[in-house]
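Here are some notes to go with the structure. Please read them with the model open.

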Amino acid sequence: IDCQPPALSHAPPFRSEIETGMTKKTTNILSRLLFLLLGSMLSAAPLAATYTLPSSIGSGPFANCSLASSTNYNCTGNINIGNNDAVNFASSLTLNISGNFSLGNNSTLNSGGHTANIVTGGNISIGNSLTGSINFTAGGNFQTGNSASIVGNISAGWHIVTGKQIGRAHV
């Protein structure tokens, strides 16, 4: 008596072929997910901007600003500067802003040894970790986040609120 099973006309695939197919499919899915994740991270990466005044007057956040006299610039509305941005002053000047002035976190205001003034009819709001050498005059409130380093004068029509570790400001 023959105890061997009959030969199959169509043999099932070997286990290694099934695993390889699953691995390729899984790898393809993981590759796509990784590509999407990296793409979204790159597109969400903060892009810092640098503005040099007075040459940036009339563009970007200073689009509503114009020359009023030799060193004075009038700005209508609000000026909002983003996180990680820098504003450099190539000459002495005063920005007279009819609205509010806001500056994001980790930003720099660099007067480059020039006298620089920001005067607002509204509030001045500064994020965390500002490094700046500038004079601020707010018609409303002046507020800064933590770890601000300001060389200059600060005055406000209402309240001055500072975060922790503000240094070298004359209030």
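Two strands count as paired if DSSP finds at least two bridges between them. The model discussed here is predicted.

1. Start with strand S10 and strand S13. S10 covers residues 124–126, and S13 covers residues 142–144. They pair in the parallel sense, over 3 bridges. One residue pair to look up is Ser125 and Gln143: Gln143, in S13, is the bridge partner of Ser125.

2. Now the sheet that holds both strands. Which order do its strands take? The order is S4-S7-S10-S13-S15. These 5 strands form an open sheet, and the pairing is parallel. The edges are strand S4 (79–81) and strand S15 (160–161), each of which pairs on one side only.

3. Strand S14 (residues 149–156) deserves its own point. Strand S11 (residues 131–133) pairs with S14 in the parallel sense, over 3 bridges. Here Thr131 has Ser149 of S14 as its bridge partner. Strand S12 (residues 135–138) also pairs with S14, again in the parallel sense and over 3 bridges. In that pairing, Ala138 is matched with Ala156 of S14.

4. Next, the disulfide. The structure holds 1. It joins Cys65 and Cys75, with the sulfur atoms 2.1 Å apart. The link is right-handed, with 110 degrees about the S-S bond. Where do the two cysteines sit? Cys65 is in strand S2 (residues 65–69), and Cys75 is in strand S3 (residues 72–75). The two are 10 residues apart, and the pair links distant parts of the chain. Are these cysteines buried or exposed? Both Cys65 and Cys75 are buried.

5. How many aromatic pairs does a search of the whole structure find? It finds 2. In one of them, the rings of Tyr51 and Phe62 have their centres 5.8 Å apart. Their planes stand at 75 degrees, so this pair is edge-to-face; the cut-off for that label is over 60 degrees. Tyr51 lies in strand S1 (residues 50–53), while Phe62 lies in the loop between S1 and S2. The pair therefore ties together parts that are 11 residues apart in sequence. Tyr51 has 17% relative accessibility and counts as buried, because the limit for buried is under 20%. Phe62 also counts as buried, at 1%.

6. Phe136 and Phe142 form an aromatic pair too. Their centres are 5.3 Å apart, and the angle between the planes is 50 degrees. This pair is tilted. Phe136 is buried, with a relative accessible area of 1%. Phe142 is buried as well, with a relative accessible area of 0%. By residue number, Phe136 falls within strand S12 (residues 135–138), and Phe142 within strand S13 (residues 142–144).

7. Last, please look at Ser111. Its place is in the loop between strand S8 (108–110) and strand S9 (116–120). Is Ser111 buried or exposed? Ser111 is buried, with a relative accessible area of 6%. Which side chain does the side chain of Ser111 meet in a polar contact? That of Ser133, at 3.0 Å. Leaving aside neighbours within four places in sequence, Ser111 is in contact with Phe89, Ala116 and Ser133. Ser133 belongs to strand S11 (residues 131–133), which pairs with S14.

Definitions and conventions:
Residues are numbered from 1 along each chain as its sequence is written. This is a predicted model: local features need pLDDT of at least 70, side-chain atom pairs count only at pLDDT 80 or more; totals for chains, interfaces and linings use all residues. Side-chain values use heavy atoms; hydrogens and water are left out. A disulfide is a pair of cysteine sulfur atoms within 2.5 Å. Helices (H or I, at least four residues) and strands (E, at least two) are DSSP runs, numbered from the N terminus. Buried means under 20% relative accessible area, exposed over 50%, partly exposed in between (1.4 Å probe, protein chains only). Rings of Phe, Tyr and Trp (its six-membered ring) pair if their centres lie within 6.5 Å; planes under 30 degrees apart count as stacked, over 60 as edge-to-face and the rest as tilted. A polar contact is a pair of N or O atoms within 3.5 Å; within protein, one must be able to donate a hydrogen and the other to accept it, and residues adjacent in sequence count only if both atoms are side-chain atoms. Contact means heavy atoms within 4.5 Å.
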